[in-house]
Amino acid sequence: MPESAKENELLPCRYCGGSEILFEENDYGHFSWGCRSCGSGGPIVRDKEVAHLASFAERELTAKTMAAERWNRRIEKDFPAARRFSKQMPTECPWFAFVDPEEPDRWIVGWMDTNHIREEGGSSYRHNDPLLTWWIPLPLVSALNSGG
Ligand SMILES: [Zn+2]
């Protein structure tokens, strides 16, 4: 598959089914694909993820490809219990796992307070932080232990 074809492999928007998907770089150095019809976008690629590449053209191409892989990812297929922060907040789960905004290939354990999603001993993110993508409820250990 030639590099140039990768842009054309974007899946339709997971929310509205729109097929006009545009590449964006915002002022924070975040790259992402977004839907022109409904405005939903991401997950983002941060500039520091491609900072090791020498030329701007290389950084942009790599960011496009990485962002396309993330846009095309359908976490809900692999993890039917996964929910989008933008659709539903983990209000009823004392603990949950969420996709690490710093490292979008892994889950981290978090909890929520009035204004933030927090990583135990780590970063915190405002509820409307666009870096927050997916979360998944965690079962309580007490439920596992009660079997005797
Ligand atoms: Zn859309």
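# Working through a two-domain model

An open sheet of 3 strands, ordered 1-2-3 with antiparallel pairing, is a good place to start. Keep in mind that this is a predicted model.

**Exercise 1. Work out which strands stand at the edges of the 1-2-3 sheet, and why one side of each lacks a neighbour.**

Step 1. Write down the order: 1-2-3, in an open sheet.

Step 2. Look for strands with a single partner. Strand 1 and strand 3 each have just one partner strand, so one side of each is left without a neighbour in the sheet.

Step 3. Check one pairing up close. Strand 2 and strand 3 run antiparallel and are joined over 2 bridges. To find a spot on screen, go to H30, which stands opposite R46 in strand 3.

**Exercise 2. Find out how helix 1 sits on that sheet, and which of its residues are buried.**

Step 1. Size up the helix. Helix 1 covers residues 56–72, which is 17 residues. From first C-alpha to last it reaches 24 Å, close to the 24 Å expected at 1.5 Å a residue.

Step 2. Pick out the buried residues of helix 1: A63, K64, A67, A68, R70 and W71.

Step 3. Ask where they point. These residues cover an arc of only 160° around the axis, which puts them on the same side of helix 1. If the spacing looks odd, remember that an α-helix has 3.6 residues a turn, so residues three or four places apart point the same way.

Step 4. See what they touch. The buried residues of helix 1 pack against strand 1 (21–25), strand 2 (30–35) and strand 3 (45–46).

Step 5. Add the direction. Helix 1 lies across strand 1, strand 2 and strand 3, and runs at about 50° to strand 2.

**Exercise 3. Take the sheet of 6 strands and say what its order is and which strands stand at its edges.**

Step 1. Read off the order of this open sheet: 4-9-5-6-7-8, with antiparallel pairing.

Step 2. Go to the ends. Strand 4 (83–84) and strand 8 (124–126) each have a single partner strand, so one side of each has no neighbour in the sheet.

Step 3. Look at each edge in turn. Strand 4 is joined to strand 9 by 2 bridges, running antiparallel, and the bridge partner of R83 in strand 9 is W135. Over at strand 8, the pairing with strand 7 (residues 116–119) is antiparallel with 3 bridges, and H116 stands opposite R126 in strand 8.

**Exercise 4. Describe the surroundings of strand 5: which way do its residues point, and are they buried or exposed?**

Step 1. Sort the side chains of strand 5 (residues 96–99). F96 and F98 point one way, while A97 and V99 point the other way. All of them are buried.

Step 2. Count the bridges to the partners. Strand 5 has 4 bridges to strand 6 (residues 107–112), in the antiparallel sense. With strand 9 (residues 134–137), strand 5 pairs over 3 bridges, again antiparallel.

Step 3. Follow one residue both ways. A97 stands opposite V109 in strand 6, and A97 also stands opposite I136 in strand 9.

Step 4. Try another residue. F98 stands opposite W135 in strand 9.

**Exercise 5. Find where the chain is divided into domains, and how many residues of each are in contact with the other.**

Step 1. Mark the bounds: domain 1 is 3–73 and domain 2 is 78–145.

Step 2. Get the spacing. The C-alpha centres of domain 1 and domain 2 lie 23 Å apart.

Step 3. Count the contacts. On the domain 1 side 4 residues take part, and they are in contact with 4 residues of domain 2.

Technical notes: Residues numbered from 1 in each chain as written. Predicted model: local features only at pLDDT ≥ 70, side-chain atom pairs only at ≥ 80, totals over all residues. Buried ≥ 20, exposed ≤ 12 C-beta atoms within 10 Å, placed from the backbone. Pairing = 2+ DSSP bridges. Expected span 1.5 Å × (residues − 1). Arc of directions from axis to C-beta. Contact = placed C-beta atoms within 7 Å. Axes fitted to C-alpha atoms, helices over the stretch in contact; angles between N-to-C directions. Domains from an automatic or database assignment.
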